[in-house]
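Here is a short set of exercises, each followed by a worked solution. Keep the viewer open and try each task before reading on.

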Amino acid sequence: MDALRCTDLTWAFRGKRAVDAVSLALQPGDIYGLVGRNGAGKSTLLKMIAGYLAPTAGTVEVFGEALGPCQTSPRIGCLIERPAINPALTGVQNVTVRAIAQGLPDPKEAAAEAVAAVGLGEASRDRAKGYSLGMKQRLGLALALVGRPDVLLLDEPFNGLDPEGVRLVRSLLVRLAEQRGTAIVVSSHVLDQLERMVTRYGVIRAGRLVAEMTAEEVEEACTDYLCVETADGPRALAVLERAFAEASFTVMPDEAIRVTGPVDGDAVGQALLAAAVPVRGLYTHTRDIEDYFVELMGGLGAVRQVPAPTEAAEGGENRG
Ligand SMILES: Nc1ncnc2c1ncn2[C@@H]1O[C@H](COP(=O)(O)OP(=O)(O)OP(=O)(O)O)[C@@H](O)[C@H]1O
């Protein structure tokens, strides 16, 4: 069963669709990266799923249970825009209040677990009014995590975090997905951070989900060619052309050979070694993921395009 399913989710304001018939589904353990330019509609989409904003049209289901407009689910934890923090309380008190509001059996223990997970440390006993941006962000994450939600919605979770915090949060999210099966939707402009944890991507452009792809598909799309550097270019080329008939080869002015097509680096190395061709270098040239997504946000490449919205969403009434 899907942990989260959105169908034709739409939010229109003064005739403009900030989110336009977005449908997506997450299995337990999925980490879904939402990518899009400023104003593309990522936060608005997350707010509707979280129950902060009533959709103009469309539905949200959590483990098969439909949520009404602006209905929050105890199975969803979220960090969207600025977290609601009481500055007069300490960090751990803020999280305890949230745990009590959720009716958790042992709110203090649940709060302690959440603040420990985000590495708030000693600061958790200080009043939140003195918190830095990064500490507020960690506290916001602890608020999202308390009660061990099955679905996490995180809007720019790396904002304000120092490099250590970024690493901690990233590995925490991967652990939650892998060990607890938490389904996570994460929007971020920090693409190289997303790249290290996301299992699937969704690209939002002008409110529409224009493309979806797996992490493997992105990796493949970002892998341009294999570069072989040898002292004997002509002989290396002859060996490779014989061994890999389906690949294409380009000899560069410095005699390096660029190989594109269905070829594995190890196999190339072994073929050259077997033919006693000395190899000086063998590496895969990859395109920067940021370049890839910038291109994608402006124009589609060879990825699975998401079909246009259904008629029901096109004519949807405001539910809120
Ligand atoms: N309360 C609101 N009233 C009117 N328009 C809004 C409101 N909230 C968002 N919008 C509009 O909806 C569109 C999507 O905004 P949203 O904040 O969801 O984008 P985003 O992808 O999260 O952007 P960013 O990356 O900058 O955070 C924008 O054009 C924005 O101006």
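Which residue of β8 does L34 stand opposite? L34 stands opposite S187.

Before the longer tasks, two notes on the model. Residues are numbered from 1 along each chain as its sequence is written. This is a predicted model, in which local features need pLDDT of at least 70 and side-chain atom pairs count only at pLDDT 80 or more, while totals for chains, interfaces and linings use all residues.

**Exercise 1. Describe the chain as a whole.**

Step 1: take the secondary structure. The chain has eleven helices and 14 strands; helices (H or I, at least four residues) and strands (E, at least two) are DSSP runs, numbered from the N terminus.

Step 2: take the extent. The C-alpha trace spans about 70 × 55 × 30 Å along its principal axes.

Step 3: take burial. Of the 320 residues, 38% count as buried. A residue is buried if 20 or more other C-beta atoms lie within 10 Å of its own, exposed if 12 or fewer, and partly exposed in between, with C-beta atoms placed from the backbone.

Step 4: take the domains, whose bounds come from an automatic or database domain assignment. Domain 1 covers 4–218 + 291–314 and domain 2 covers 221–286. Their C-alpha centres lie 43 Å apart.

**Exercise 2. Trace the sheet that holds β3, and find its edges.**

Step 1: write down the order. The sheet is open, has six strands in the order β6-β7-β8-β3-β9-β10, and its pairing is mixed. Two strands pair if DSSP finds at least two bridges between them.

Step 2: find the edges. β6 (76–79) and β10 each have a single partner strand, so one side of each is left without a neighbour in the sheet. From one strand to the next, the twist averages 15 degrees.

Step 3: work outward from β3. Four bridges join β3 to β8, and these run parallel. With β9 (residues 200–205), strand β3 (residues 31–35) also pairs in the parallel sense over four bridges; here the bridge partner of L34 is G202.

Step 4: finish at β10 (residues 208–214). Six bridges join β9 to β10, and the two run antiparallel, with I204 partnered by L209. The hairpin of β9 and β10 has two residues between the strands, and A206 takes a positive phi near 45 degrees there.

Step 5: add a helix. Helix α4 (residues 133–145) lies across β6 and β7, running at about 170 degrees to β6. Axes are lines fitted to C-alpha atoms, for helices over the stretch in contact, and angles run from 0 to 180 degrees between N-to-C directions.

**Exercise 3. Do the same for the sheet that holds β11.**

Step 1: the order is β12-β13-β11-β14, in an open sheet of four strands with antiparallel pairing.

Step 2: β12 (248–251) and β14 (279–286) stand at the edges with a single partner strand each, so one side of each is left without a neighbour in the sheet.

Step 3: seven bridges join β11 (residues 223–230) to β14, and E229 stands opposite G281.

Step 4: helix α9 (residues 265–274) lies across β11, β13 (257–260) and β14, at about 160 degrees to β14.

**Exercise 4. Is S188 buried or exposed, and what surrounds it?**

Step 1: place the residue. S188 is in the loop between β8 (183–187) and α6 (191–195).

Step 2: count. S188 has 20 C-beta neighbours inside 10 Å, so S188 counts as buried.

Step 3: list contacts, meaning pairs whose C-beta atoms, placed from the backbone, lie within 7 Å. Not counting residues up to four places away in sequence, S188 touches G33, E156, P157, F158, Q193 and L194.

Step 4: compare sequence with space. S188 and G33 are 155 residues apart in sequence and 7.4 Å apart in space, C-alpha to C-alpha.

**Exercise 5. Sort the ligand shell by class.**

Step 1: collect the residues whose C-beta atom, placed from the backbone, lies within 6 Å of the ligand. They are F13, A18, G36, N38, G39, A40, G41, K42, S43 and T44.

Step 2: sort them. The shell has three nonpolar, six polar and one charged residues; Ala, Val, Leu, Ile, Met, Phe, Trp, Tyr, Cys and Pro count as nonpolar, Asp, Glu, Lys and Arg as charged, and the others, Gly among them, as polar.

Step 3: find the main contributor. Helix α1 (residues 42–50) gives the most, with three residues.

Methods. Two residues are in contact if their C-beta atoms, placed from the backbone, lie within 7 Å.
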